[in-house]
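User: I should like to go through this structure and ask, for each description, what grounds it rests on.

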Amino acid sequence: MTVPNFLSSSFAPFRYYTERVTDMTSVLTTLTAELVTNPALADKWTEAPAGTFQCPSDASGRWMKCAFTRISANVMQMILTDNSGNTICTRRASGTTAGFYATYYTGKFHCFLEFMSESTSPAYNFLSAWLMDITPDPLASCPYPVVGNGTLNSGGNADGYGVIQYLFAVDGAVPAATQRMKGSATIGNTSVNMSMPSGRGFYDECLISQNVGGTIYWTGRLCQALLGPGLPTAVGVETQVPVDDGTMATFKATLLNETTPYRWRLWMRKA
Amino acid sequence: MGNPTFLDSTLYPFRYYSESVPANTSTQITTTLRTELTALSWTEPVAKTFRSPADAAGRYMTLVVAEPAANRWNMALYDSSGISICSRSLYINSGSPTTVEYYTGKAHVLVNSNSGSGYWVYVFLLDTFPDDPRFLEHPAVGGGSFDSAGGVDGRGFLDYVFAVDNAVAQPAVRMKALITMNGTQYISRMASGRYLYVPAWTYQLVGGAGFPNYVWTGKFPQALMGPVTPVLGTDWVIPITYAASATFRATSVVNSGGTYYRLFMRKA
């Protein structure tokens with residue numbers, strides 16, 4: 001069996017980097033390195049103007065643009081737009097003024113940032129952007145493949161959308177936040193823990209739904225991301241997941257988990 | 001993720017057979033099933049008691065079949081611990097022949113009677129990949145249209161799977177759904193219009209009571225859960241990897257109300 005495209009390192013190449021920072025200026029510098037400078041030529045994002053990054057186009061010419069703005073030393077804003085001119089979302093994330101750890105999960109079709117404060121609240125914040133993979137279905141069947149989110153709204157406040165359940169995307173022709181991701185439940189909607197009898201985590205594709213032409217369909221998968229167990233797994237734990245009959249990949253537990261009952265967490269590809 | 005071991009024809013060899021069973025001849029089902037299972041290395045230590053080959057952890061299923069009436073056929077499932085998982089029945093026609101289909105394998109049996117709206121019984125020894133099978137103590141599951149007395153008990157749907165939760169065999173709505181996190185949207189199609197066919201994952205309660213111990217325990221070998229829409233008995237060529245496809249056949253096993261899902265069995 002071949003690796004599915006959304007986990008293929010050739011289809012959706014990826015990078016990982018983490019550092020301690022005290023000012024979002026450093027984050028912007030590192031984003032330039034991780035998105036523009038360091039990737040292979042075919043996988044490079046472009047940056048124009050400074051802080052605004054555009055990913056490579058998919059096979060149908062679609063792309064996304066992440067415009068990052070340093071609001072303050074410890075607050076970053078991202079405006080996510082698509083190639084159709086839609087503003088998918090404007091979200092913010094903050095660290096602590098004393099300093100925080102910034103982790104960059106980046107790739108040709110994704111940019112997931114998490115800021116982990118060293119002590120006081122807010123402990124974890126994130127910003128995310130994806131150009132989804134809908135293969136092997138025709139790309140044109142998903143006219144708006146860009147999705148994203150972040151912990152805080154454009155005013156810097158928690159609005160209830162900054163959790164794993166919600167993603168901003170275009171429904172019909174209008175960007176909106178809704179619970180789009182496939183969950184872990186039975187036909188009767190009984191929640192089932194994302195684990196197996198040995199205690200091994202149960203990892204699943206992040207399959208996303210949107211309203212297309214008045215009907216809700218599955219429209220794509222988040223590249224280099226998996227939905228996996230929430231608690232008791234801690235942020236930063238790494239695990240090996242088989243992505244093929246002969247290929248193991250390393251995924252890392254992100255901060256983005258569900259609150260009570262902690263069923264789900266986003267796991268990002270590290271290696 | 002990973003290799004679809006549950007569809008691997010080396011790990012899980014399979015057979016398909018269809019025949020017209022004369023009216024009021026439920027014994028014919030036993031006769032044919034014997035032929036099919038023997039070809040797959042099942043044994044019959046006692047007449048009408050069939051034992052499956054053991055899995056990698058030494059577990060097996062024991063089926064005790066019976067013909068309690070000329071138009072009713074029954075199959076009782078026991079696991080290798082001796083636990084009685086379930087006893088379920090199907091009917092065939094009394095006044096005319098019935099087309100009966102046999103989907104069999106090293107780790108599964110599904111008998112589908114095309115009588116009425118379609119009646120069925122099944123058993124599976126779950127494929128636990130990527131987990132080590134030794135961690136699942138009770139991998140045998142079963143189900144069927146009617147209870148052991150041939151009555152309707154509300155359990156004759158895809159939703160309900162009989163399995164062991166901790167040490168107690170019971171029916172529960174166990175099948176994994178294509179459903180959004182908030183449980184409000186059952187979605188069976190991609191935006192292209194293509195229906196999704198997914199592994200038939202089931203959960204069991206393992207290691208205690210309550211939510212944290214509801215865990216996904218395994219998949220039905222040589223089976224997929226797909227949309228309810230395709231007509232019973234039609235064949236569908238479905239990609240099982242990026243490079244290979246296989247033929248699956250729409251069975252009578254649908255979810256309650258026939259709203260979303262149908263079980264498809266490997267035919268070729």
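User: What makes strand β15 and strand β16 of chain B a pair, and in which sense do they run?

Analyst: This is a predicted model, and every assignment is computed from its atoms. Strands count as paired when at least two bridges are found between them. Strand β15 (residues 235-239) of chain B and strand β16 (residues 245-254) of chain B have five bridges, in the antiparallel sense, so the criterion of at least two is met. Within this pair, D235(B) has R249(B) of β16(B) as its bridge partner. The connection from β15(B) to β16(B) is a hairpin of five residues.

User: How do you know which strands of the sheet β2-β3-β4-β5-β6 of chain B are at its edges?

Analyst: The edge strands each pair on one side only, and these are β2 (43-46) and β6 (84-91) of chain B. The sheet is open, has five strands in the order β2-β3-β4-β5-β6, and pairs in the antiparallel sense. On average, neighbouring strands of this sheet are turned by 25° against each other, with direction ignored.

User: How many bridges join strand β3 of chain B to strand β4 of chain B?

Analyst: There are three bridges between strand β3 (residues 49-51) and strand β4 (residues 61-69) of chain B, and the two run antiparallel. Since at least two bridges are required, they count as a pair. T49(B) stands opposite V64(B) of β4(B).

User: Which helix lies across this sheet, and at what angle to β4(B) does it run?

Analyst: Helix α1 (residues 27-38) of chain B lies across β2, β3, β4 and β5 (72-79) of chain B, and runs at about 160° to β4(B). Chain B has one helix, beside 17 strands.

User: Why is chain B called as compact as a globular protein of its length?

Analyst: The radius of gyration of chain B is 17 Å, and the globule rule gives 18 Å for 268 residues; the two values are close, so the chain is as compact as a globular protein of that length. Along the principal axes, the C-alpha atoms of chain B fill a box of roughly 45 × 40 × 35 Å. Of its 268 residues, 51% count as buried. Among the contacts in chain B with a separation of 6 or more, 53% come from residues 24 or more positions apart.

User: Why is S41(B) called exposed, and what is notable about its phi?

Analyst: A residue is exposed if 12 or fewer other C-beta atoms lie within 10 Å of its own. S41(B) has 10 within that distance, so it is exposed. S41(B) has a positive phi of about 70° although it is not a glycine, and is found in the loop between α1 and β2 of chain B.

User: What makes N166(B) partly exposed?

Analyst: N166(B) has 13 C-beta neighbours inside 10 Å. That count is above the limit of 12 for exposed residues and does not reach the 20 needed for burial, so the residue falls in between. N166(B), in the loop between β11 (160-165) and β12 (168-173) of chain B, also has a positive phi, of about 55°, although it is not a glycine.

User: Why is V164(B) called buried, and what does it touch?

Analyst: Burial requires 20 or more other C-beta atoms within 10 Å; V164(B) has 23, so it is buried. V164(B) is placed in strand β11 of chain B. Leaving aside neighbours within four places in sequence, V164(B) is in contact with D79(B), I83(B), I85(B), H138(B), A169(B) and Q204(B). From C-alpha to C-alpha, V164(B) is 25 Å from S41(B), and the two are 123 residues apart in sequence.

User: Where are the peptide bonds that are called cis, and what is their omega?

Analyst: One is the bond from T135(A) to P136(A), with omega near 10°; P136(A) is in the loop between β9 (124-131) and β10 (146-150) of chain A. Another is the bond from F129(B) to P130(B), also with omega near 10°; P130(B) is in the loop between β9 (119-125) and β10 (140-144) of chain B.

User: Which residues have the most contacts inside the largest nonpolar core?

Analyst: They are V147(A), I208(A), L63(B), L77(B), I85(B) and V111(B), in a core of 157 residues. V147(A) touches, among others, W130(A), F168(A) and I208(A).

User: How many residues does each chain bring to the contact between A and B?

Analyst: Chain A brings 40 residues and chain B brings 42 residues. On the side of chain A, β14(A) gives the most, with four residues. The residues of that side divide into 19 nonpolar, 15 polar and six charged.

Notes. Residues numbered from 1 in each chain as written. Chains lettered and ligands numbered in written order. Predicted model: local features only at pLDDT ≥ 70, side-chain atom pairs only at ≥ 80, totals over all residues. Contact = placed C-beta atoms within 7 Å. Nonpolar A, V, L, I, M, F, W, Y, C, P; charged D, E, K, R; others polar. Axes fitted to C-alpha atoms, helices over the stretch in contact; angles between N-to-C directions. Core = buried A, V, L, I, M, F, W, Y, C linked by C-beta atoms within 7 Å. Rg over C-alpha atoms; globule rule 2.2 N^0.38 Å.
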